[in-house]
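Biologist: I would like a close look at one part of this model, and then a walk outward to the rest of it. Could you take me through it step by step?

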Amino acid sequence: MAITAGKSTSKLDRGLKNTIDWWIIACYLLLVFIGWINIYASVQSMEPSSIFDWGCRSGKQFVWMMTAFTLDALILFVISARVWETISTPAYLFVFFLLVLVIFVSKDVKGSHSWFELGPVKFQPAEISKITTSLMLALVMSRPGFKLSTRKNFLTVALTIALPMLAIVAESETGSALVYVGFIFVLYREGLSGWWIVLLGLAILLFILTLMTSWWVASSVAGGLCLIYMLYAAYRSKRERRRLGRGPLLGALLVLVASVMLTLAAGFIFNNVLQDHQRKRIEVLLGMKEDPAGVGYNVRQSMIAIGSGGFSGKGFLGGTQTSYGFVPEQSTDFIFCTVGEEWGFLGCLVVICLYVLLIYRIITDAEESREAFTRIYGYCLSSCLFMHLFINIAMTIGLMPVIGIPLPLLSYGGSSLWAFSILIFIFVALNSQEKKYF
């Protein structure tokens, strides 16, 4: 009996101390508290009150934080980690149903139909869909014998990503839909050719060229790139003393045809799919128009705020751009400029390093995982975090158009905080479950 009890105690100690990645939890908690402090700084001049006042955004965020921590504890210590694989399919289908339903029943909020309103609480299913899509991808791609190279499997994965993405586009939430592009990194890790990433970059380049010049200039660039590829393929064949097959020629031809079709469709997409404010933001970003007092105002004020912070910042509650509310949406989409103004370059560096460490630990744990489900889910999580981080910061410093996407764990909002908390702690629980029996 003593030996049995000793073994049980050993397993319990291992479960609580050695199986949880405390680096991930530490980064998570630090980012959440940094976000809370900066939310208070961004609204205290307009809502002068205590940081705990439930009537202002910092107080509401504190409530969201406490509920998020409760969810974290439930996921980690109460709910079995194995349940996530079981509920992946029904959860995915249910959230997809909500994504479609919200289009028809929600109010128009700045051109977007993406929020359910339940009394004083607003709920955005697009945030939760990141969780269910990640779980579904992990389920589909972790099946025995799965190979992404087969047509059936590739189409299944593409459809899994495309369904919620298209529903979110239909809600006019282009920023949230753009996050789904990041799943290409997950597919690359699981065997997708790197040429797909190159083609994605080419598509973005051609879209921008078409807007700034004309469709035939963009098509000519695509033709030139295809020619360079053919010459390179011929050179390699000659060097390796083998005959140049039909593959490179057929591939280059298909890319060229697809490129011409994309350039012809770019104008239609720009004028008919994107909303008016999105078109204006892209035009200002690309230098096609100047509108410093209109759609370019947010970014201009954000860049002023970040630049004025200097090396070490103006100090907590010392930012003039922040205190006088010059930057719209500063507690949500533009929370990073509050960090830049009040904490300077050092503060921005600390925040970015915390994100990098968080993503690094997730990828490291995913690579060490013995179960494909945990590994793939971990890569889905890191891709979502990276896309949000990259797009949001690029948006606040004028490298991307303003598309309304929160900074994970820092921006104000219960839907976003809950979604990323659940995303992260599901992975922590899955990873911990594996290590218990190692």
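Which residues in H10 are buried?

Modeller: Happy to, with one reminder before we start: this is a predicted model. In H10, the buried residues are Ala218, Ser219, Ala222, Cys226, Met230, Ala233 and Ser237. The helix itself takes in residues 215-239, which makes 25 residues. Its length can be checked with a simple sum: at 1.5 Å a residue, counting one less than the number of residues, H10 should span 36 Å, and because its end C-alpha atoms are 36 Å apart, the expected and modelled spans agree.

Now for the setting of that helix. The protein has 17 helices and 2 strands. Of its 438 residues, 47% count as buried, and the accessible surface comes to about 21,800 Å². Carbon and sulfur atoms account for 69% of that surface. One piece of the surface to look at is a nonpolar patch of about 510 Å², built from Leu250, Leu253, Leu254, Val257 and Met261. One of these patch residues, leucine 253, sits in helix H11, which covers residues 246-273.

Next, the way the chain comes together. Take the contacts between residues at least 6 apart in sequence: 71% of them join residues at least 24 apart. Salt bridges give some concrete cases of distant residues meeting, and a search of the whole structure finds 7 of them. As background, side chains of opposite charge can pair when their charged atoms come close.

Let us begin with aspartate 21 and arginine 361, whose side chains meet in a salt bridge with an N to O distance of 3.0 Å. Aspartate 21 belongs to the loop between helix H1 (2-18) and helix H2 (22-43), while arginine 361 is in helix H15 (residues 335-368), so this pair links distant parts of the chain, 340 residues apart. Aspartate 21 has a relative accessible area of 5%, and with buried meaning under 20%, aspartate 21 is buried.

Helix H15 takes part in another bridge as well. Glutamate 341 pairs with lysine 314, their closest N and O atoms being 3.2 Å apart. Since glutamate 341 lies in helix H15 and lysine 314 in the loop between helix H13 (297-308) and helix H14 (320-323), the pair ties together parts that are 27 residues apart in sequence. The two partners have unlike surroundings: glutamate 341 counts as buried at 0% relative accessibility, whereas lysine 314, at 34%, counts as partly exposed.

That brings us to arginine 375, which has its place in helix H16 (residues 372-396). The side chains of arginine 375 and glutamate 190 meet in a salt bridge, 2.9 Å from N to O. Here too the pair links distant parts of the chain: glutamate 190 is in the loop between helix H8 (183-189) and helix H9 (195-212), 185 residues from arginine 375. Arginine 375 counts as buried because its relative accessibility is 16%, and glutamate 190, with a relative accessible area of 18%, is buried too. This pair belongs to a wider arrangement, a network of salt bridges linking Arg189, Glu190, Glu367 and Arg375.

What else surrounds arginine 375? Leaving aside neighbours within four places in sequence, arginine 375 is in contact with Arg189, Glu190, Ala366 and Ser369. Serine 142 can be placed relative to arginine 375 too: the two are 233 residues apart in sequence, with their C-alpha atoms 8.9 Å apart in space.

To finish, follow the chain past H16 to leucine 409, in the loop between H16 and helix H17 (414-436). Leucine 409 has a positive phi of about 75° although it is not a glycine. Leucine 409 counts as buried because its relative accessibility is 2%. If you go back to your starting point from there, look again at H10 and its buried residues, among them Cys226 and Met230.

How values were computed. Residues numbered from 1 in each chain as written. Predicted model: local features only at pLDDT ≥ 70, side-chain atom pairs only at ≥ 80, totals over all residues. Heavy atoms only, no water. Helix = DSSP H or I, 4+ residues; strand = E, 2+ residues; numbered from the N terminus. Buried < 20%, exposed > 50% of the residue type's maximum accessible area, 1.4 Å probe, protein only. Contact = heavy atoms within 4.5 Å. Patch = residues over 30% accessible without salt bridge, like charges linked within 9 Å, V, L, I, M, F, W, Y side chains within 5 Å. Areas by Shrake-Rupley, 256 points an atom, 1.4 Å probe, with all protein chains shown as cover. Salt bridge = Lys/Arg side-chain N within 4 Å of Asp/Glu carboxyl O.
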